[in-house]
Each structure stands twice: as structure tokens, then as C-alpha cells.
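Subject: The structure we talked about

Hi,

Here is the structure I promised to pass on. Have a look at it first, then read my notes below with the viewer open.

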Amino acid sequence: MMLAMLSEAWMAMWANRLRTILTMLGMVIGVAAVILMLAVGQGTQQQVQESIASMGSNLFIILSGSTTSGGLRMGGGAAPTLTLTDAQSIEELPLVAAVAPSSPGTAQLVYGSSNWSTQVIGTTPSYLTVRDWRLASGMPFTDSDIRSATRVALLGQTVAQNLFGDEDPIDKTIRIKNSPYLVLGVLAGKGQSLDGRDQDDTVLVPVTTAQRKLFGSQFAGTVRFIMTQAESAEAMPQVEKSIIELLRQRHRIREGADNDFSIRNLTAMANTAAETAKVMSLMLGAIASISLLVGGIGIMNIMLVSVTERTREIGIRMAIGARGKDILLQFLLEAIIISVIGCLIGVLLGVGGAYAVSAASGMAVVVTVSSIVTAFVVAAAVGIFFGWYPARKASMLRPIDALRFQ
Amino acid sequence: MTEAVIKIEQLCKDYFTDAGTVPVLHEVSLKVMPGEFVAIMGPSGSGKSTFMNILGCLDVASSGSYFLNGRDVGEQSRDELAQLRNQVIGFVFQGFNLLPRANLEDNVALPLIYRGIARDERIMQANIMLNKVGLGKYHHSRPNQISGGQQQRVAIARALVNQPKLLLADEPTGNLDTHTSKEIMELFNELNKRDGITIVLITHEHDIAAYAHRLVRLADGCVVYDGPVDGDPHLQAGHTHTGASA
């Protein structure tokens, strides 16, 4: 019975090939648009999420304050207000997971005939914990390297590439500002940061080495910023408050006076970025859904025309024994076949289009099974929903009226 | 006593228009026994087409009763009526009413679909019927590739494919020339004689009606004659098919 109905529906669609194809086209474009937009949206979202994950979670960054020198304000981080001992006492606060005092600077690196200018960060081993950064090979420097300010370095992927090429950098000696440093390890790749910087273009050295031997400072023991990781997202407000209290006390800042440091919640900023990406993804999906809806209305439109045009045929079928539900099924099947085939083509086009966009523009795309399934289910539902009314209309005809219809 | 195929009592049909109620059939009673071959005649507007549509369960009466093969048609649901049309009645139309894009085989097999018969069986039965009406070799042709007479034969094959008790024909020769009409009527005659199928047909031509064994004449929605074909006073008076002066 069902098989006979299917072939009947197929016959009717074949008889009106052009119209069937045009109706299908609405569905194809709708589904392809949904898949493509979801792929782009989710790609962007994933990119943002990866950047956030690469930054580390539950992070604060504490920057030293600004100085004023002869009326010129020097900007954040210029004043040497944060010290290694500040970092140590922050580490003793409750709910703080890890603290990484950091002194960045720029230096020229040389290995053999290659050289490369990059950002060198003087920090502690907990920097790796805080940034959730693994080593690709080798091992990190330790607290004893900090204490004795040894000349050791961890290379970012980009730096390793530029200095060593295919060579293994471990246990090789590079020169930073003409002093020899032993390469202990190579950091795993992290990719771009949220603002598009290459996070792998960096070198880590012990903070004490950076202060005393590499950059030097007129204020011994100061750092530019302290990265602090809270134990959990819930603990962040509490940790922020206790850091501010602690530092004001340590820096002897009077009641009512401004802080000589600033503290930023990186996770909050990251969440905003993630939220933005999500909203964008949703908007793209919503816009694409409208085209799917338009495709569905196209199906209804054509099916209504088809029912009117074939009223006489419906009459003949009823006169020889078709029940209302047989007619309903026949027209519904036509709508479903159109939407399902249209949907299949749409999925292929959408997935192909997504990879074409990705190949052409380098934009990240993510085609998930769930987005395909969703588009498919929605398209089939749209076909059934919009096919139902015309089919119902056809099945409710009185045989005599249908037969007399000219 | 055998059961009547058609038993109609006091059947009325009114149409409702903006101008008011228009009675089309007025207290028509009719009984048709199995194996009968009945011609219904009447001028245009006499209600014969409406009567035929009610007989064929395509339309419903306003009042009165209609028993088809012992079943009260007035009591049947839409689906049950469809089943009656499918299995008890075979309907032949003036305009053939074949599906233009299906081949003859599929056209004839169409009623079997709604009875839930499998495809192989459908095609086999359809071909048996096509052979019976002499069109077996055209089974893959389309309706527009054969003549009107042949199309009507296909329609008859379709009407017969479910082995109905009753064959209803609404001016089956109305669109055909004299020669082809004769052939179709001989086919009806053969079906009635050999297979014992009850036939009720509408016509306005006397030589077509002459093939039947019994004549029912309608005028203004009432039965004005019911008896042997050659006993019809209108026929003897030499009236033409319009019968306008009756």
C-alpha cells in the first residue's frame, strides 16, 4: 500500500519535473543556508573557545600602577610597585590555586646562523599551570632555577621553528642578548590569542634570571604583572577582594587613596567574547532558518496549486474507491519526498559550501552531526507541516464536487 | 428470494442555491435485481445524472433510503462509502476519466491499490481485464495514444477490475461515434449476459437504450415510466432523445 502510494507520488512529481525541482530548490537553499551558517557560527565559537582555553581559566592579571614623571603619566605597568614577595603572599591567600609573577621584555635570540626577535617572559614554573600550558618536549625549569637565576629557557613553537627548523632544540644552547641559555623544553602550540596575537612567539626564562641578568631593573625584585589563578569560577569575586585588600595593606595605601596597581578578570572578558560568538552563531542560524521557513511556504504554495490543478484526478480516484486518508497520504508523501530530497541535496551543498568557504577564506568552520540532523529533522517537519494543509484540503473534497471540477 | 442490488425508496434530492431550494429528485423509488440491465433515460435537467451520482455513492440523497447490496448507504461513513465505490460499484463516465500520465495497465490497476493488493497481483489482474476488453497489447500505452472507444474500453476494464456487483455507466457512449458506441454496448451486453453483472446506464439515445432489458424514464425528478424497453409510450410516440414535449 505504502509502496504503491510512494510510486504514485513519484509519478505525479515526475510528471511535473520542473515544478518539483523548483519547489525542491527552496528547500535545498534553506537547508544549505542553515548548515553553512551553523558551520560558520560554530566554527567562530569554537575558535573563541579555544583561545579562551589557551589563555587559562579563572584568571586574574594584576598590573603594576602608573607613574607620573614630570607631568607625564607613564601608563599602566610603568611603576615598579609589584614585587616577587607580593606574589608570594598572594599565593598564601585562601582559594588561590597558582600565582605566576612575570617580567616580559623583548630580546634578540641567536642560534647558529638563525636569529629571531621575540618576547621573553621572566616567570616562575607556575606560569605553565596558570596558562594551562603543556610542554611538547623536554622539561620545565624548577624553583631551584628561580632561586639561583640560572640561564635556562623554554621556547614557544614559533620560536623553536624559526631558530631550529627541523632540528631538536632540547639541550642546545641559544644566545639571548649574547648570553648563552640552555633550552630545557619546547612549549606545546597554543595558536592565536583572542586579539589575534601569536601566543607561541614567546620564550620563558626564570623570573630572577630576567630581572638580574637579562633586562636588569633599577628596582630589584619588581615584576610587571602577576597572573593569579583562582581555584574555581565561584571563588573569583572572593579572591579578587582579598588580593586588593592584601596589596593595599602591603603597599601601605591609605584609606581613600587610589590603588597603585590594577586587577583584571580575564575570564570575565573571555566570557563576553564567548557570549558574543554564541549570539552571532544564533543570529546566523536564525537568519538561515527564515530561508528554511520560506522554502516550506514554497512547498505549501506549490502543493495548494497542485491540489487545485488535480482536483479532477482526486475526484476520479475517489470515484473508484480512494478514501480521504489515501488522498491525504498521497499528497503528504509528495510534500515529504520533496522536502526530504531537497534536504539531502541541501545537506550536501551546505557541507560542501562550508568546506569551500573554509578553504577560500581560511575561516574556521565546524560541521557537526547534530547540525545536520537538526536541519534534516526541521526540514522534514517543515515539509510535513506545510504539506499537511493542502493534503488535508484535497482529502476533504466531496467526490462529486471534485469530479465536476473543470 | 435473492436480495436486490439496488433498493431505493422515496428518495429526494434538493439543491440549495441563493434563489432557494431546488428539488431535483422527488420521491423516486427503484428496485434493481441482480443480473438486470437497466437504461435510465430522460431529458436534460430531469435529474438523471444526479440520480446516477447518488447510485454511485458519489453524492448523498436529501431524504429517502438507498440500500446497495443490502447495505444502507445513508448509514455509511465516508470511508465505508469509498469502500462501496471500490468493491461493489464499477463506474464508467462519459468523459472516460482516465489518468492521463499513467499507462493503461496502471489505470486499470488503480482501484486495486485502494484495496491494498500487491503490485504484481495488481498488474496481473489489470492485464486480465485489458485482455477481456480486447486491449491487452496496448497495456503500456498512455490514454492519449489510443482512440476514444479504446479509452472507454479501458475505463470499463478499470470499473470491472474489482469484480463489482454493479456497473454504473453515465452516458458511456456520449463522446463516441455510432460505430464505436455499438461496440461498447455489445461489450456491456456480453458482460451482462456472460458474467451476470448488473448494469445501470444513462443514455439519451434510444438505440443505446434498446440494448437494455428494462427502461426507467425520468422527467422533472420523477419516474414516469418503468418497464420493458419496447413498452415505453414515449418511445412509441416517436419522441427524439430530448423528450421535451413529455
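What follows is a tour of what I found, going from the whole of one chain down to a single glycine.

Before anything else, keep in mind that this is a predicted model. For chain A, the mean pLDDT is 86, and 95% of the residues score at least 70. The confidence is not even along the chain, though. Among the elements of chain A, strand E8 (residues 152-155) has the highest mean pLDDT, 94, while strand E2 (residues 68-69) has the lowest, 60. Where pLDDT is low, the predicted coordinates should not be read in detail.

**Chain A in brief**

Chain A contains 13 helices and 14 strands. Of its 406 residues, 42% are buried. If you take the contacts in chain A with a separation of 6 or more, 81% of them are between residues 24 or more positions apart.

**Where the chains meet**

Now bring up both chains. On the chain B side, 22 residues are in contact with 18 residues of chain A. Two helices of chain B, H2 (78-87) and H3 (104-113), each supply at least two residues of that side. The largest share, seven residues, comes from H2(B). By type, the residues on the chain B side are nine nonpolar, six polar and seven charged.

Stay with H3(B) for a moment. How many of its 10 residues are buried? The count is 10 of 10, so to speak a clean sweep. Among them are B:Leu104, B:Glu105, B:Asp106 and B:Asn107, and the list also includes B:Pro111 and B:Ile113. The cover comes from both chains: it includes helix H1 (2-15) of chain A, along with H2, helix H4 (119-132) and helix H5 (148-160) of chain B.

**The six-stranded sheet of chain B**

Next, find the open sheet of six strands in chain B, which has the order E6-E7-E8-E3-E9-E10 and mixed pairing. Strand E6 (89-92) and strand E10 (222-227) of chain B are at the edges; each has a single partner strand, so one side of each has no neighbour in the sheet. From one strand to the next, the twist averages 15°.

You can see both kinds of pairing here:

- E6(B) and E7(B) are parallel, paired over four bridges; one of these links B:Ile89 with B:Leu166 in E7(B).
- E7(B) is also parallel to strand E8 (residues 198-202) of chain B, with five bridges between them; here B:Leu166 has B:Thr198 as its bridge partner.
- Strand E9 (residues 214-219) of chain B runs antiparallel to E10(B), and five bridges join the two; B:Ala219 is partnered with B:Cys222.

Strand E7 (residues 166-170) of chain B deserves a second look. Five of its five residues are buried, so the strand is largely enclosed by the rest of the structure. B:Leu166, B:Leu168 and B:Asp170 point one way, B:Leu167 and B:Ala169 point the other way, and all are buried. Following the chain onwards, E7(B), helix H6 (residues 178-195) of chain B and E8(B) make up a right-handed β-α-β unit.

**A glycine in the loop**

In the loop between E7 and H6 of chain B you will come across B:Gly174. Is B:Gly174 buried or exposed? It falls in between: B:Gly174 has 17 other C-beta atoms within 10 Å, which means that it counts as partly exposed, since a residue needs 20 or more to be buried and 12 or fewer to be exposed. Try selecting B:Gly95 as well: it is 79 residues from B:Gly174 in sequence, but the two C-alpha atoms are 8.1 Å apart in space.

**The four-stranded sheet of chain B**

Chain B also has an open sheet of four strands, in the order E2-E1-E4-E5, with antiparallel pairing. Its edge strands are E2 (20-32) and E5 (71-72) of chain B, and each pairs on one side only. Two bridges hold the antiparallel pair of strand E4 (residues 63-68) and E5 of chain B, with B:Phe67 partnered by B:Asp72. Helix H1 (residues 48-55) of chain B lies across strand E1 (6-17), E2 and E4 of chain B, and runs at about 60° to E2(B).

Have fun clicking around!

Cheers

Conventions: Residues are numbered from 1 along each chain as its sequence is written. Chains are lettered from A and ligands numbered from 1 in the order in which they are written. This is a predicted model: local features need pLDDT of at least 70, side-chain atom pairs count only at pLDDT 80 or more; totals for chains, interfaces and linings use all residues. Two residues are in contact if their C-beta atoms, placed from the backbone, lie within 7 Å. Ala, Val, Leu, Ile, Met, Phe, Trp, Tyr, Cys and Pro count as nonpolar, Asp, Glu, Lys and Arg as charged, and the others, Gly among them, as polar. pLDDT is the predictor's confidence in each residue, from 0 to 100. Two strands pair if DSSP finds at least two bridges between them. Axes are lines fitted to C-alpha atoms, for helices over the stretch in contact, and angles run from 0 to 180 degrees between N-to-C directions. A crossover is right-handed if, with the strands pointing away from the viewer, the path from the first strand over the helix to the second runs clockwise.
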